[in-house]
Amino acid sequence: MLTAFAVLLSVTAVLAYLNERFFKFPTTVGVTLAGALASIILIALDAAGIGGARSWASELLETLNFTEFVLNGILSILLFAGALGLDARQMLKQRSSILTLAVVSTIISTFLIGFAAYGIFGALGLGVPLLWALLFGALISPTDPVAVLDLLKRAKVPKRIETLIAGESLFNDGVGVVIFLVIAGLAGIGDSHTAPTALGALTLFVKEAGGGVLLGAALGGLGYAMLKTIESHAVEVLLTLALVIGGYVLAASLGISGPLAMVVAGLIISAFKHDIFTAHTFEYVEGFWETLDQVLNIVLFAFIGLDVLLTDVTGVQLLASLLLIGVSLAARWISVVIPFHFVRRRDGYGAYTARLLTWGGLRGGIAISLVLGLPDTPDRSLLVTATYAVVLFTIAVQGLTIMPVVRRAVAGSGEKDLGSEV
């Protein structure tokens, strides 16, 4: 495994260097596209009978196990780092908007995509069960906080809008994983078996989500109490790292949502960072988490890029996937507009914010890791292909065009500077 990770890290470093040196795309976009291009080259070499390149790449990815690598590996670090880097006090002011969008939007999107996917698969003769179609809706609905946060740093949207988009992405990630586990339990998949009733689903949802929030609050409180009493940046970095990794393992052992726990813990530390850290020590702690976040971010999207095309696809599967790209985008817009209608007037967001939320809703490692964790059945291959298609489209197309969308939104709002809306 160490050899496989060393190879992945080396490949990632080369891809990141080429993107930064020549193409200068946003990091997540550039590295993913470079990884996808590398996959195409490997497939072409393999088809030409040169060196078994494709089988070598497949062996590398199987050794590392994408699902374990993301869900039970780097996800805790990425979510904590993302939450730590946000203005938690500003997020607290916008909590009702963020939670409304994160919960309501994810639920609406799950069912819109799920039922549409069920209809599309049925019309094409692929016959996927309804619960499996809803699983696809659940795993593809959450936006990926890693990709979103990376783009927001470059887009330079106003602080209040950045907080809304980033906060919704962080929380809908945890909510989406919980919804996925609930539906998987209803379908008899995995360890989260539950009674096939509304009460059974609701009980599991409350346990996963509520338990994750409570554990995150406890971990954040513990971290606050310990960090406030010391001034050594090395020990502070160690404590925050132990809080994240140990806390995530604890959440998994308790059967509650680790992603939500990490988001809440990170926000609590962020909210009290001026009380916890001195200016000197916080510079080291923040630098550590920013660097770790960026490095793992690049590794994750290189992993997606290399993995994204190493799967067999039939013509019918490809057609279904193309249709589901449009369905996912439409469902994202509808699921944002409906709850946003209730928060826009109350909180004074501009008319363009819903467009930014929709077009900035990139999917990434969370969706792919969830779909690859499904049991090996014929239905799984359909969902894997559709998930890859949606992820690649959002990163390549939406990721590359988010800047023009921001500029057009500024022009349409009649403001010279988006910051004037803050």
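This is a short walk through one predicted model, from the overall fold down to single residues.

Start with the whole chain. It has 18 helices and zero strands. There are 422 residues, and 54% of them count as buried. Now the contacts. Take those with a sequence separation of 6 or more: 82% of them join residues 24 or more positions apart. The accessible surface comes to about 17,700 Å². Carbon and sulfur atoms hold 67% of that surface.

Next, the salt bridges. How many does a search of the whole structure find? One. The partners are Glu168 and Arg332, and their closest N and O atoms sit 3.1 Å apart. This pair ties together distant parts of the chain. Glu168 belongs to helix H9, residues 159-186. Arg332 belongs to helix H15, residues 315-347. That is 164 residues of separation. Are Glu168 and Arg332 buried or exposed? Both are buried.

Stay with H9 for a moment. Helix H9 has 28 residues, and 25 of them are buried. So "mostly covered" is a fair description of H9, given that buried means under 20% relative accessible area. Its first and last C-alpha atoms are 40 Å apart, close to the 40 Å expected at 1.5 Å a residue. After H9 comes Gly188, with a positive phi near 75°.

Helix H6 gets the length check too. H6 covers residues 95-123, 29 residues in total. At 1.5 Å a residue, H6 should span 42 Å. Its end C-alpha atoms are 41 Å apart, so the two values agree. Just after H6, Gly125 takes a positive phi of about 75°.

Now the surface. Which residues form a nonpolar patch there? Val14, Tyr17, Leu18, Phe22, Phe23, Phe25 and Leu400. Together they offer about 680 Å² of accessible area. Helix H1, residues 2-23, gives the largest share of the patch, with five residues. A reminder on helix geometry: an α-helix has 3.6 residues a turn, so residues three or four places apart point the same way. Back to the patch. Leu18 is found in helix H1. Its relative accessible area is 34%, so Leu18 is classed as partly exposed.

On to Thr27, in helix H2, which runs over residues 27-47. Why does Thr27 count as buried? Because its relative accessibility is 16%, and the cut-off for buried is under 20%. Thr27 also has a remote partner in sequence, Ile298. The two are 271 residues apart along the chain, yet their C-alpha atoms are 6.9 Å apart in space.

Last stop, Arg380. Arg380 lies in helix H18, residues 378-413. Its relative accessibility is 18%, so this arginine counts as buried. What does Arg380 touch, leaving out residues up to four places away in sequence? Trp132, Val371, Leu372, Leu374 and Pro375. With Leu374 there is a polar approach as well. A polar atom of the Arg380 side chain lies 3.0 Å from the backbone oxygen of Leu374.

To recap. The chain has helices and zero strands. One salt bridge turns up in the search, and both of its residues, Glu168 and Arg332, are buried. A nonpolar patch lies on the surface, with its largest share from helix H1. That is the tour.

Key. Residues are numbered from 1 along each chain as its sequence is written. This is a predicted model: local features need pLDDT of at least 70, side-chain atom pairs count only at pLDDT 80 or more; totals for chains, interfaces and linings use all residues. Side-chain values use heavy atoms; hydrogens and water are left out. A salt bridge is a side-chain nitrogen of Lys or Arg within 4 Å of a carboxyl oxygen of Asp or Glu. Helices (H or I, at least four residues) and strands (E, at least two) are DSSP runs, numbered from the N terminus. Buried means under 20% relative accessible area, exposed over 50%, partly exposed in between (1.4 Å probe, protein chains only). The expected span of a helix is 1.5 Å times one less than its number of residues. Patches are made of residues with over 30% relative accessible area and no salt bridge: like charges are joined within 9 Å, nonpolar side chains (Val, Leu, Ile, Met, Phe, Trp, Tyr) within 5 Å. Accessible areas come from the Shrake-Rupley method with a 1.4 Å probe; for residues, only the protein chains shown count as cover. A polar contact is a pair of N or O atoms within 3.5 Å; within protein, one must be able to donate a hydrogen and the other to accept it, and residues adjacent in sequence count only if both atoms are side-chain atoms. Contact means heavy atoms within 4.5 Å.
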